[in-house]
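I opened my notebook to go through this structure piece by piece. Come along if you like looking over someone's shoulder.

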Amino acid sequence: MTVTNPGNGKLFVLLSLTVALCGGAFADTASTREETALAIHGNNRYGQPDTEFTHFDYVNPEAPKGGKLRMAASGTFDSLNPYTNKGTPVAGISLIYDTLMTKSHDEPFSLYPLIAVSAERAADNTSITFNLNPMARFHDGQPVTAEDVRYTFDLLTRQGHPFYRSYYADVANVVVLNKQVVRFDFKHGNNLELPYILAELPVLPKHHWERQEHDFAAASQKIPLGSGPYKVKAVDGGRSITFERVPDYWGRDLPVNVGRYNFDEVSYDYYRDEHVALQALKAGEYDLRFENVAKNWATAYDVPAVHNGELILDTVLTRNPAPIQGFGFNLRRTIFQSPKVREALGYAMDFQWLNRNLFHDSYMRSESYFNNSGMEATGIPEGEELALLEPWRDQLPAKLFTTPFALPETDGSGNIRPQLHKALRLLQDAGWTLQDNQLVNSKGEPFSIELLLSQSSMERVALPFKKNLEQMGIELNIRTVDISQYIQRIRAFDYDMIVVGYGQSASPGNEQAGFWGSEAADTKGSRNYMGIKNPVVDAMIGHVLKAKSREDLTTAIKALDRVLLWGNYLIPQWYYPYDRIAHASKLVRPEPEPLYNTDIFTWWAVERPANQFAMVSGKPAEKDDNLLLYAAFALLALAGLWHWRRKNTGNGDCPQPGE
């Protein structure tokens with residue numbers, strides 16, 4: 001074993017182990033190669049053999065430590081365990097955990113050492129071995145060992161969220177080779193992404209969770225033990241959580257952590273109402289908000305705090321694929337089994353009118369499940385993509401091969417009678433008829449749908465949709481419920497329609513099976529909300545997992561995208577290729593090239609002079625006639641917020657795509 005400077009982490013720790021150390025259980029060294037950086041397709045930006053990796057390019061390595069970052073969360077929580085299917089997990093809890101390796105944010109999918117200092121992949125992709133950093137420690141001082149890694153894997157796949165059983169389904173077994181070396185053996189070599197997603201495995205402490213008083217499968221607010229840059233400082237059940245930076249964090253000097261995790265404290269306060277949360281930001285109750293509502297961004301920030309520089313509005317371009325969001329049909333309901341019915345309902349959502357009248361023309365229509373990725377299906381299938389789809393021609397719509405997919409488009413005036421006529425023809429073909437202004441089937445049963453929501457802000461989008469459906473004789477009941485009921489119904493697939501949202505990776509892979517795979521459709525708690533069970537979709541996911549190059553992956557994703565679009569499993573809504581961030585001026589961020597994800601933990605806090613905000617529009621504040629009035633309004637807002645917070649515990653919104 002050779003260790004190079006493991007303490008400060010300025011160079012990668014290199015471990016090499018002989019077969020003798022592993023008692024013969026180790027894979028043939030001739031068929032593996034040790035790597036200190038993993039890239040699923042292409043080369044790593046950092047950690048090349050001829051360069052020294054000291055920090056990511058998008059951080060400020062000299063960023064000062066200190067200060068607090070206060071954030072808001074929606075609804076409430078009743079669990080500090082994010083890995084199970086029970087309860088509502090608290091925001092930010094991942095800050096207490098380290099993973100085997102960690103991503104950079106300026107590459108599609110590259111991983112660098114954290115708990116693991118290096119990895120050894122089998123040449124035939126039938127295993128990956130991780131060599132752990134001997135300096136890695138949990139917050140109680142106990143070392144992180146290979147046995148903790150195996151225990152974590154078993155815990156997640158046996159008692160964790162159903163997602164993990166699907167995500168890691170191709171792992172045959174986990175072998176502890178010695179205290180700091182663990183190997184994952186695969187069922188086959190076809191899942192080319194599997195080594196990389198295993199590298200992102202969080203490592204939980206066996207000695208903590210084995211105690212009788214800790215029930216991993218239950219929703220619990222007991223403070224868990226971690227190994228990451230923060231630990232839990234305080235919990236106010238359902239209302240707030242505060243994390244404190246670990247001063248002797250074992251990994252603070254690793255290259256992946258230099259310039260990151262700069263705040264001494266990070267806290268999340270919960271608000272049951274998004275409007276109240278927005279007002280709290282403007283009153284200085286917390287420091288940073290990702291604004292997902294276009295109307296708010298356009299109209300709600302014309303306030304003194306913005307004018308005098310206390311609150312900064314940033315529009316940050318990202319390179320990450322945009323999430324796909326839409327009204328999702330639950331195909332487990334008989335009413336949505338017909339593709340013609342699903343297609344017809346899509347004509348009732350007038351995106352052009354919504355964008356003009358509600359969103360200030362700020363959004364783009366989602367025309368792909370992989371928007372803003374370069375992997376969108378366009379035109380008609382050709383070349384290698386056509387070759388993937390051709391064997392399934394008999395199970396696909398004929399138009400898929402001859403006609404580019406296109407969503408209904410209007411002039412934005414609100415008059416969509418031509419679109420509704422097309423929809424009615426499709427519904428008639430599917431066996432529905434219009435009688436006395438009501439759409440009924442052959443049994444005389446009315447066409448009635450319930451749209452389940454957790455955010456009242458989505459109602460203003462749903463109401464025009466409801467009105468258009470009514471013109472076709474379809475009844476849409478909009479039901480907004482509290483967070484607990486919403487989550488329980490989602491997990492049980494107890495709904496007709498919901499607003500679904502799927503964030504996509506820059507390098508899509510195994511998660512696609514959890515989103516749209518047939519097995520996930522029958523797994524309670526999975527993210528296959530629509531209940532898609534389509535052998536062609538399954539086959540295209542298989543091609544995604546087998547992709548050996550970026551070109552192969554792009555081809556497979558285009559084919560998958562095309563099949564999903566022509567399935568009309570949801571009514572696509574919109575996306576925005578920027579992050580809209582409102583933040584206190586005390587927060588400073590580095591300004592690198594656009595990242596795949598905004599990393600707020602590269603930001604830091606600075607102290608502003610007392611008179612920093614005494615300038616409004618370039619003139620001294622004492623000359624601004626409105627300053628006293630602004631101050632009075634601010635005090636009133638603070639008083640009202642304080643009164644509200646004392647009366648309410650907060651139990652509102654479930655995380656759901658914003659408008």
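Below are my entries on two helix pairs, a sheet and a single residue.

**Entry on helix 8 and helix 11.** I kept in mind that I am reading a predicted model. I started with helix 8 (residues 339–346) and helix 11 (residues 417–429), whose axes come within 8 Å and cross at roughly 165°. Angles over 145 degrees count as roughly antiparallel, so I noted helix 8 and helix 11 as roughly antiparallel to each other. Their crossing is left-handed.

Next I looked up who meets whom. From helix 8 I wrote down Lys-340, Val-341, Glu-343 and Ala-344, and opposite them in helix 11 I found Ala-423, Leu-426, Leu-427 and Asp-429. The residues of this contact split into 5 nonpolar, no polar and 3 charged.

**Entry on what surrounds helix 8.** Which residues of helix 8 are buried? I found Val-341, Arg-342, Ala-344, Leu-345 and Gly-346. I then checked what covers these buried residues, and the cover includes helix 11, helix 12 (459–470) and helix 17 (550–567). Strand 15 (324–329), strand 19 (448–453) and strand 22 (570–572) are also included in that cover.

**Entry on helix 16 and helix 17.** Helix 17 had just turned up in the cover of helix 8, and I followed it to another partner. Helix 16 (residues 535–546) packs against helix 17 at an angle of about 165°, with the axes 8 Å apart. This pair is therefore roughly antiparallel, and the crossing is left-handed.

On the helix 16 side I listed Val-536, Val-537, Met-540, Ile-541, His-543 and Val-544. They meet Leu-553, Ala-556, Ile-557, Ala-559, Leu-560, Val-563 and Leu-564 of helix 17. By class, I get 12 nonpolar, 1 polar and no charged residues in this contact.

**Entry on a sheet.** I found 3 strands forming an open sheet in the order 2-5-4, with antiparallel pairing. Strand 2 (38–39) and strand 4 (101–103) stand at the edges with a single partner strand each, so one side of each has no neighbour in the sheet. Strand 4 is joined to strand 5 (residues 110–113) by 3 bridges. What is the bridge partner of Thr-102 in strand 5? I read off Tyr-112.

**Entry on Arg-150.** I ended with Arg-150, which sits in helix 1 (residues 146–159). Its relative accessible area is 28%, so I put it down as partly exposed. Leaving out residues up to four places away in sequence, Arg-150 touches Val-174 and Val-176. Val-174 is 24 residues away from Arg-150 along the chain, yet their C-alpha atoms are separated by 6.0 Å.

Note on methods:
Residues numbered from 1 in each chain as written. Predicted model: local features only at pLDDT ≥ 70, side-chain atom pairs only at ≥ 80, totals over all residues. Heavy atoms only, no water. Axes fitted to C-alpha atoms, helices over the stretch in contact; angles between N-to-C directions. Helix = DSSP H or I, 4+ residues; strand = E, 2+ residues; numbered from the N terminus. Parallel < 35°, antiparallel > 145°, perpendicular 65-115°, else oblique. Left-handed = near helix turned anticlockwise from the far one by under 90°. Contact = heavy atoms within 4.5 Å. Nonpolar A, V, L, I, M, F, W, Y, C, P; charged D, E, K, R; others polar. Buried < 20%, exposed > 50% of the residue type's maximum accessible area, 1.4 Å probe, protein only. Pairing = 2+ DSSP bridges.
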